[in-house]
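Trainee: I'd like to learn how to read a fold from its parts. Can you walk me through one?

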Amino acid sequence: MKRIFFRLKKAFAKHLNEHAFTLVEMLFAFLVFTVIIFFISPLLGVMVQHNAPSIRFQEMEWDVFSSQIKKEIRMSTKGQVVSNRLILTEDGGSISFEKYENILRRRVNNTGHEVLLQNVAEVNFTLFPNMVRVDVKALNHREYLLNVPTFLNWSSTP
């Protein structure tokens, strides 16, 4: 009886080994799983932070706009705010900054259409005796503020 049981056990074990996983197969499956996880985790991070590049781009756009408007204000001889448009006069020409749809544009002598900022919800220009304040609200609800001192007192210039 022992002999028969031993032979059956041997045949049964052989049958199990043919349908089971070996250690090499398990290591290979684990390697494939690890490689997939290694490459998918950075992709998920990028997908989660998909709006971060647009925010950085808008901040760079704001920096360029800030430096440009500072230069224009310092070079101008007269400034005025009319209908929420900043109009700067220098050497007989005029430069205007105004909101047009969802952009902030620059026009020289009321011609042209130079886009300075995109995705703008609201723009306010405020003129003080020795300073110009620019308030911009973006479509993503971020607010930007710029105070530019002027070398001339525009309220007293003719």
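Mentor: Sure, we'll go from the overall layout to the hairpins, the core and the surface. Keep in mind that this is a predicted model.

Trainee: Where do I start? How many helices and strands does the protein chain have?

Mentor: Start by listing the elements in order. The protein chain has 3 helices and 8 strands, and from the N terminus on they run α-α-α-β-β-β-β-β-β-β-β.

Trainee: Next, the strands. In which sense do strand 1 and strand 2 run?

Mentor: For pairing, you look at the bridges. Strand 1 (residues 78–82) and strand 2 (residues 85–90) run antiparallel, joined by 5 bridges. One pair to click on is V82 with R85, its bridge partner in strand 2. The two strands make a hairpin with 2 residues between them, and S83 in that turn has a positive phi of about 50°.

Trainee: And what does strand 2 form with strand 3?

Mentor: A hairpin again, with 2 residues between the strands; here D91 in the turn has the positive phi, about 50°. Strand 3 covers residues 93–100 and pairs with strand 2 in the antiparallel sense over 5 bridges. Try T89 this time: its bridge partner in strand 3 is S94.

Trainee: Now the inside. Which residues of the largest nonpolar core touch the most other members?

Mentor: The general idea comes first: in soluble globular proteins, nonpolar side chains tend to be buried together. In this model the largest nonpolar core has 21 residues, and F65, I69, L86, F97, F125, V134 and V136 touch the most other members. Two or more residues each come from helix 3 (52–75), strand 2, strand 3, strand 5 (111–118), strand 6 (120–128), strand 7 (131–138) and strand 8 (143–149).

Trainee: Zooming in, what does V134 touch?

Mentor: Leaving out residues up to four places away in sequence, V134 touches W62, F65, I69, N124, F125, Y144, L145 and L146.

Trainee: How much of the protein chain counts as buried?

Mentor: Of its 158 residues, 24% count as buried. The protein chain exposes about 11700 Å², with carbon and sulfur atoms supplying 64% of that.

Trainee: Which residues form a nonpolar patch on the surface?

Mentor: F28, L31, V32, V35, I36, F38, F39, I40, L44 and M47, with about 1000 Å² of accessible area together. To find the patch on screen, go to L31, which lies in helix 2 (residues 23–48).

Trainee: Last one: what share of contacts joins residues at least 24 apart?

Mentor: Counting contacts in the protein chain between residues at least 6 apart in sequence, 35%.

Methods: Residues are numbered from 1 along each chain as its sequence is written. This is a predicted model: local features need pLDDT of at least 70, side-chain atom pairs count only at pLDDT 80 or more; totals for chains, interfaces and linings use all residues. Side-chain values use heavy atoms; hydrogens and water are left out. Two strands pair if DSSP finds at least two bridges between them. Helices (H or I, at least four residues) and strands (E, at least two) are DSSP runs, numbered from the N terminus. Patches are made of residues with over 30% relative accessible area and no salt bridge: like charges are joined within 9 Å, nonpolar side chains (Val, Leu, Ile, Met, Phe, Trp, Tyr) within 5 Å. Accessible areas come from the Shrake-Rupley method with a 1.4 Å probe; for residues, only the protein chains shown count as cover. A salt bridge is a side-chain nitrogen of Lys or Arg within 4 Å of a carboxyl oxygen of Asp or Glu. A nonpolar core is a set of buried Ala, Val, Leu, Ile, Met, Phe, Trp, Tyr and Cys residues joined through side-chain atoms within 4.5 Å. Buried means under 20% relative accessible area, exposed over 50%, partly exposed in between (1.4 Å probe, protein chains only). Contact means heavy atoms within 4.5 Å.
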